[in-house]
Amino acid sequence: MPMVLAVTEMQDGRLRKTSREVVSQARQIADAMGAEVTALMMTGPANAEEGASLGSCGASQVLLARATLLENYHGELYRQAVLAAIAQTDATVVLFPATSMGRDLAPRVAAARGAALASDCTGLTWQEGGLIAQKPLYAGKVMAELTLTGPLQMASLRPNLFPVRDLFPGQNAAIVPLELPALTAKAVLQEVRRRDASHLDVSDAEIILCGGRGMRGPDNFGLLEEIAALLGGAVAATRAVVDSGWRPHRDQVGQTGKVVSPNLYIMCGASGSIQHWAGMSGSRCIVAINKDPNAPIMQRADYRLIGDLFEVLPVLKEEIARLRG
Amino acid sequence: MKILVLIKQVPDTEAAIKPAADQISVAEAGVKFIINPYDEYALEEALRIKEARPGTTVKAVTLGPAHSAEALRSAAAMGVDEVLLLKTESPLADGLATARALAAALAGDSFDLILTGKESIDDGNMQVGPMVAELLGLACLTVVTRLTVAEENLTAECETDAGLALFTAPLPAVVTCQKGLNEPRYPSIRGKMAAMKMVIPEQSAAVDPGLLRITRLTPPPARAGGKLVGEGSTAVPELVKLLHTEAKVL
């Protein structure tokens, strides 16, 4: 039976949520192909029993690549594990999460195997022997449909867009060890510096508050941080803010930053340039708070409030605290 | 030290992009083109290494249509020593086909370091850097925000979802550059004048049709007209109510 390989990702010893999204989508593709799903788990020597739970999303087995060298992501080493998993399962479709890991790893594997790769897909189906992928181009100014061909086809899936499906509640997948080759690499990982584990990256957030130049200075972002904390959300910034050094680049949303699609995106004192819009227009609900009723974002947001941020935001914080009470 | 910088010409970030009549390419009329912003970090980093290490040469190469020569002209104005246009009219949708064409064209040359942007802002694939490395059998470090190059190896800080990963790697290697690595310079007037007169060397490049093609381009879905909730802080309770009960996002 043909095989779809779903490459999963661990963080701090646990499966990232996006891993379940990839396995769930792999199941959809496998159903259309008449195939089975193998999930690949790459991890250090620690306990990996959590992998069995991928059965509920549709994995019929979990290949476990366990080695001290796989404790942290390393492109050359993980590449060898994925290539071994493709060989061991005869997979004809391989899906990755389009995380920093997946976006580094998938091109290496695709080039090693001469396979087509669609990156950062927002939709994926199987039609007449091939993958059809949807993805934004120019950070969302245009949507593309891509058609893949060839005996081995690959795609990476944008996190937070594909649903996690609990198809077989409580069902465990069998964990099978992956026969790993001797792992070797040219590059040597010297150190991993984690950000504060409580820091939620804008790419992972369901709710984002974004500050523009109207925030007037870095200290005022504390207000956005407080509201984000109440909502379990993250704070993003426009390019102007990042270029002024008020916020780190990893928080930048837009054509030269991250492209996000949260449930709720609240723009505070940002005009909504074409570049910024490209990075966040896929959000389910967009709110704009701006004192300038003629700012471009005030023509496009779902809910608009005209007003001074420094009067509006403290009240917004109170109201949200009351709602969440 | 010989450094190669792979650059791409892309539409300006200001440009409104629309599908062309064929619905598989974008309308180029009126679109201004620039060097892919992430490739500018790669160019700048190469020039800084050259300034720090006498005897270093920097070559910028692009694969693309005839008008990509202008991106190389801008690179020359910044101060690179040599440029080359690998000319093709083929669409460059398949990252692997692009990487193969680049690797084939570079096969006769050797470099100590290959720099490029972490992604191009047009298709945003993040494929070509690591694919070229794979095809050439080189180490590859991606999304790099700090780079130190020594005689035979390099140290790079790579940005990841969780934080930073610090790698060392032997040269030659491929490095893809992220914002934060440096501040790209503006070309000097003299550099611009010299580049303006330059004849951009070119050779035609064979690009395989590849295994991935664009079969349709469409404008992004339009958003339904929004709602003006009100003015000032007195409108906030109504906004929160709408987000809770109507949009159901709070």
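Axes here are lines fitted to C-alpha atoms, for helices over the stretch in contact, and angles run from 0 to 180 degrees between N-to-C directions. This is a predicted model, so local features need pLDDT of at least 70 and side-chain atom pairs count only at pLDDT 80 or more, while totals for chains, interfaces and linings use all residues. Residues are numbered from 1 along each chain as its sequence is written, with chains lettered from A and ligands numbered from 1 in the order in which they are written.

**View 1. Helices α2(B) and α5(B) cross in a right-handed sense.** Helices (H or I, at least four residues) and strands (E, at least two) are DSSP runs, numbered from the N terminus. The axes of α2 (residues 69–78) and α5 (residues 189–197) of chain B come within 7 Å and cross at roughly 140°. That makes the two helices oblique to each other, therefore neither roughly parallel (under 35 degrees), roughly antiparallel (over 145) nor roughly perpendicular (65 to 115). Right-handed means that the near helix is turned clockwise from the far one by less than a right angle; anticlockwise would be left-handed. On the α2(B) side, the contact (C-beta atoms, placed from the backbone, within 7 Å) uses B:Arg73, B:Ala76, B:Ala77 and B:Met78, and α5(B) brings B:Gly191, B:Lys192 and B:Ala195. By class, that's 4 nonpolar, 1 polar and 2 charged residues. Ala, Val, Leu, Ile, Met, Phe, Trp, Tyr, Cys and Pro count as nonpolar, Asp, Glu, Lys and Arg as charged, and the others, Gly among them, as polar.

**View 2. Over in chain A, α2(A) passes α3(A) in a right-handed crossing.** Here the axes of α2(A) (residues 75–89) and α3(A) come within 9 Å and cross at roughly 55°. Among the contact residues are A:Tyr78, A:Val82 and A:Ile86 of α2(A), plus A:Leu105, A:Val109 and A:Ala112 of α3(A). The full contact divides into 7 nonpolar, 1 polar and 4 charged residues.

**View 3. An open sheet of 10 strands takes in β13(A) along with strands of chain B.** Follow the order β13(A)-β9(B)-β8(B)-β7(B)-β10(B)-β6(B)-β1(B)-β4(B)-β5(B)-β11(B), with mixed pairing (strands pair if DSSP finds at least two bridges between them). β13 of chain A and β11 (202–204) of chain B stand at the edges with a single partner strand each, so one side of each has no neighbour in the sheet. From one strand to the next, the twist averages 35°. β13(A) (residues 188–194) and β9(B) pair in the antiparallel sense over 6 bridges, with A:Val192 partnered by B:Ala165. β6(B) and β10(B), on the other hand, run parallel and are joined by 5 bridges.

**View 4. Chain B meets chain A through 72 residues of B and 68 of A.** β9(B) gives the most to chain B's side, with 8 residues. That side has 42 nonpolar, 17 polar and 13 charged residues.

**View 5. Helix α4(B) is largely enclosed by the rest of the structure, because 8 of its 9 residues are buried.** A residue is buried if 20 or more other C-beta atoms lie within 10 Å of its own, exposed if 12 or fewer, and partly exposed in between. Buried ones include B:Val128, B:Met131, B:Glu134 and B:Leu136. The cover includes α3 (100–113) of chain A, together with elements of chain B such as β1 (2–7) and β10 (173–177). Just after α4(B) comes B:Gly137, with a positive phi near 70°.

Definitions and conventions: Two residues are in contact if their C-beta atoms, placed from the backbone, lie within 7 Å.
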